[in-house]
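Here is a short briefing to read with the model open beside you. Take a look around first, and then we can go through some of the features together.

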Amino acid sequence: MCAAKLVQYVIVNGEIAKSWPKGALIAQCCHAVAAVGHLYASDPDTVEYFKDLDNMHKVVLEAPDAGKLVSLGEVLQQNDVKHKVWVEQPENLPTCIALKPYPKEEVQKYMKKFKLLS
């Protein structure tokens with residue numbers, strides 16, 4: 001798989017996207033991306049993705065609320081899509097999900113109902 005064909009999806013809890021400071025929101029996404037990169041560091045797609053650091057492709061989407069974010073996490077789990085749900089503590093608030101890098105065609109179907117974060 002060519003790294004150019006790999007994409008990493010990040011899905012943000014839309015409730016916090018509208019109410020939290022931008023820096024705090026970005027930190028949550030960074031936590032999730034770092035965690036999933038560590039968890040799946042030996043995955044062949046992850047290895048390939050990190051071979052070309054200057055051309056990584058990420059798509060940041062918005063789930064309307066925490067419930068929809070958690071539901072997505074359950075669907076991903078059921079379909080063995082490797083990901084990390086980031087839960088802010090001590091609030092126990094799901095803030096975002098990061099998928100490991102995947103060929104877009106393998107995971108895009110799970111992302112269709114979410115819009116780009118704006």
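A residue is called buried when its relative accessible area is under 20%, exposed when it is over 50%, and partly exposed in between, using a 1.4 Å probe and protein chains only. Helices (H or I, at least four residues) and strands (E, at least two) are DSSP runs, numbered from the N terminus. This is a predicted model, in which local features need pLDDT of at least 70 and side-chain atom pairs count only at pLDDT 80 or more, while totals for chains, interfaces and linings use all residues. Residues are numbered from 1 along each chain as its sequence is written, and side-chain values use heavy atoms, with hydrogens and water left out.

**Helix α2**

- The buried residues of α2 are Leu25, Gln28, Cys29, Ala32, Ala35, Val36 and Gly37.
- These buried residues pack against β1, α1 (14-19), α3 (44-49), β3 (83-88) and β4, where contact means heavy atoms within 4.5 Å.
- The 18 residues of α2 should span 26 Å at 1.5 Å a residue, and this agrees with its end C-alpha atoms, which are 26 Å apart. The expected span is 1.5 Å times one less than the number of residues in the helix.

**The largest pocket**

- The largest pocket holds about 150 Å³ of space.
- For the terms: on a 1 Å grid over the protein atoms alone, a cavity is a set of points where a 1.4 Å probe fits but cannot get out, and a pocket is an open set with protein on both sides within 12 Å along at least five of seven lines; lining residues have an atom within 4 Å of a point. Grid points are joined across faces, edges and corners, and the volume is the space filled by probe spheres set on the points.
- The lining consists of Val10, Lys22, Leu25, Ile26, Cys29, Cys30, Val33, Lys58, Val60 and Leu117. Two elements, α2 (22-39) and β2 (58-63), give two or more residues to this lining, and α2 supplies the largest share, with 6 residues.
- By type, the lining has 8 nonpolar residues, no polar ones and 2 charged ones. Here Ala, Val, Leu, Ile, Met, Phe, Trp, Tyr, Cys and Pro count as nonpolar, Asp, Glu, Lys and Arg as charged, and the others, Gly among them, as polar.

**Nonpolar cores**

- A nonpolar core is a set of buried Ala, Val, Leu, Ile, Met, Phe, Trp, Tyr and Cys residues joined through side-chain atoms within 4.5 Å.
- The largest one has 17 residues, of which Tyr9, Ile11, Leu72, Leu76, Leu99 and Met111 touch the most other members. The elements β1 (6-13), β2, α4 (66-78), β4 and α5 (104-111) each give two or more residues to this core.
- Apart from the largest core lies another, of 9 residues, including Val10, Val12, Leu25 and Cys96.

**Two buried strand residues**

- Tyr9 lies in strand β1 and is buried at 4% relative accessible area. Its C-alpha atom is 5.9 Å from that of Ala98, although the two are 89 residues apart along the chain.
- Beyond four places in sequence, Tyr9 touches Val59, Leu61, Ile97, Ala98, Leu99, Lys104, Val107, Gln108 and Met111.
- Thr95, in strand β4 (residues 93-99), is buried at 0% relative accessibility. Among its contacts beyond four places in sequence are Ile11, Trp20, Gln28 and Trp86.

**The loop between α5 and β6**

- Lys113 lies in the loop between α5 and β6 (115-116) and is exposed, at 69% relative accessible area.
- Phe114 belongs to the loop between α5 and β6 but is buried, at 8%.
- Phe114 touches Leu61, Glu62, Ala63, Pro64, Lys68 and Leu72, not counting residues up to four places away in sequence.

**Backbone details worth a look**

- Gln89 and Pro90 are joined by a cis peptide bond, with omega about 10°; Pro90 sits in the loop between β3 and β4.
- Asn92, found in the loop between β3 and β4, has a positive phi of about 60° although it is not a glycine, and is exposed at 53%.
- Asp80 is in the loop between α4 and β3, with a positive phi near 55°; Asp80 is exposed at 53% relative accessibility.
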